[in-house]
Amino acid sequence: MDRAVELAKNGEGRVAPNPPVGCVLVRDGAVVGEGWHDRCGDLHAEAMAIRAAGGKAQGATVYVTLSPCTAWGRQPPCVEALADAGVAEVVAAVRDPNPRNAGGIERLRELSVPTRVGLRAEEAEYVARGFFKRARSGTAYVTLKYAMTLDGKIATPSGDSRWVSGGESRELVHDLRSRSDAILIGVGAALADDPLLTVRGEALARRGGPERHPQPKRVVLDSDARTPPTAKMLVSPGGRVIIVTCVPTEHPRARALADAGADILPTPRDGMGKVFLPDALRALSRMGVNSVLCEGGSGVAAALLRERMVDEVLAFIAPKLLGSGLSPVGDAGLTRMNQALPVAVRECVPVGSDILIRGVLAFETEGTSAKG
């Protein structure tokens, strides 16, 4: 099952709205077939593993990270394929939360295929965390990422931030982008940095290059449609650009952005006159987005935290001291230390000369907690 979890990671950032799934077939103590869901519409993990095993699938034990599907979609149901292949047993890490496919284990038992559920459940659910979050709550899984100095600054007072972190950290960020369905920034970051928000370099090459790996959607929270139509992300190749705005689609600035190739996503304003984030994230989820990587800036981070919409934090800490400067999170509406949002640290690792801390927001509201 550990191997199946690793195989499932091949589908991160490329199978939404489906979940990343991995599968391993074992017979007589040897692996006879492996598979994973590689792209939406392609073979499911079980079907790929059965095809790889050929006749050796008969009598094999199947280890799969998600219970096999029961419904027809772009591919036939995996429960029928497993039964037809004559497998001896199916071991699933976790049940599919999608009601359409919730009965996979029961259907296999009806087809006289023995089953077990629960092996490496937390690890398997974490790989498919975006799918689980969207299925349970209707919103995508949000990861807040930032790089800061040892004294907690992301930029100088003038806004200069190149570069806080080292080359190894920046390369890892490209890998993180490649495993996300959408990259989210605020209009302030768009105006200050004019970023591309694409996956580039070795990270893209490792995922199969531009021919095989799709670029994530690029999302700008821009309540007043201030993003210039000449922004790099609009004039350079990359993933779909979505401008989330509160101005009407017929507004001249919105029309200019649409003419430049952006998709305009209108949303209501919140109490501060900004984009109402719950509506925005639900709309992205309806577009099939399972996972969102938020890359800035501090106002967006604060707004997401105020709405309790951050699931995970990735903080790259560089061994530098800046003194005065900008903080990674703005005013989140917290005035006392006992109101601070607790973060359960799951990982603390060196990345070149930097340190990466990965933590999960520990408030327990339905559909927002994640295991890692």
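## A walk through the model, starting at T61

Select T61 to begin: with a relative accessibility of 16%, T61 counts as buried. You are looking at a predicted model, and all the values on this tour are computed from it.

**Stop 1: around T61.** Colour strand β3, residues 61-66, and you will find T61 in it. Which residues does T61 touch, once residues up to four places away in sequence are set aside? Show V24, L25 and V26 as sticks, then add E89 and V91, and you have the list. Strand β1 covers residues 22-27, while β3 covers residues 61-66, which puts the two strands in view together.

**Stop 2: the whole protein.** Now zoom out. Counting secondary structure gives 13 helices and 14 strands. The radius of gyration is 22 Å, close to the 21 Å from the globule rule for 372 residues, so the protein is as compact as a globular protein of that length. If you orient the C-alpha trace along its principal axes, its spans are about 65 × 45 × 40 Å.

Switch on a surface next. The accessible surface is about 16,500 Å², and carbon and sulfur atoms hold 52% of it. Of the 372 residues, 50% count as buried. Contacts are worth a look too: among those between residues at least 6 apart in sequence, 68% join residues at least 24 apart.

Colour by charge before moving on. There are 46 positive and 43 negative side chains. How far apart do the centres of these two sets lie? The distance is 2 Å.

**Stop 3: the cysteines.** Select C23, C69 and C78. In general, a disulfide is a covalent bond between the sulfur atoms of two cysteines. How many disulfides does the count give here? The count is 0, and the distances tell you why. From the sulfur of C23, the closest cysteine sulfur is the one in C78, at 8.3 Å, which is too far for a bond. From the sulfur of C78, the closest cysteine sulfur is in C69, at 3.7 Å; because a disulfide needs the two sulfur atoms within 2.5 Å, this pair is also too far for a bond.

Are C23 and C78 buried or exposed? C23 is buried, with a relative accessible area of 0%, and C78, at 3% relative accessibility, counts as buried as well.

**Stop 4: two cis peptide bonds.** Go to A16 and P17, which are joined by a cis peptide bond with omega about 10 degrees. P17 sits in the loop between α1 (2-8) and β1 (22-27).

For the other example, jump to R162 and W163. The peptide bond from R162 to W163 is cis, and its omega is near -5 degrees. W163 lies in the loop between β6 (141-149) and α7 (167-178).

**Stop 5: K153, in the loop between β6 and α7.** Stay where you are and select K153, which is also placed between β6 and α7. At 16% relative accessibility, K153 counts as buried. What is K153 in contact with, leaving aside neighbours within four places in sequence? The partners are A147, M148 and V164, together with L322, G323, S324, G325 and L326. For a sense of distance, draw a line from K153 to E12: these residues are 141 apart along the chain, and their C-alpha atoms are separated by 31 Å.

**Stop 6: positive phi angles.** Select R120 in the loop between β5 (115-117) and α5 (121-127). R120 is not a glycine, yet its phi is positive, at about 55 degrees. This residue, R120, is partly exposed, with a relative accessible area of 36%.

Then move to D194, found in the loop between α8 (187-193) and α9 (201-206). D194 is another residue other than glycine with a positive phi, here near 45 degrees. With a relative accessible area of 27%, D194 is partly exposed.

**Stop 7: helix α12.** Finish by selecting residues 277-286. How many of the 10 residues of α12 are buried? The number is 7, and the helix is mostly covered. To see them, pick out L277, P278, A280 and L281, followed by A283, L284 and S285. Just after α12 comes G288, a glycine with a positive phi of about 95 degrees.

Methods. Residues are numbered from 1 along each chain as its sequence is written. This is a predicted model: local features need pLDDT of at least 70, side-chain atom pairs count only at pLDDT 80 or more; totals for chains, interfaces and linings use all residues. Side-chain values use heavy atoms; hydrogens and water are left out. Helices (H or I, at least four residues) and strands (E, at least two) are DSSP runs, numbered from the N terminus. The radius of gyration is taken over C-alpha atoms; the globule rule is 2.2 Å times the number of residues to the power 0.38. Buried means under 20% relative accessible area, exposed over 50%, partly exposed in between (1.4 Å probe, protein chains only). Contact means heavy atoms within 4.5 Å. Accessible areas come from the Shrake-Rupley method with a 1.4 Å probe; for residues, only the protein chains shown count as cover. Lys and Arg count as positive and Asp and Glu as negative; His and the chain ends are not counted. The place of a charge is taken as NZ of Lys, CZ of Arg, CG of Asp or CD of Glu.
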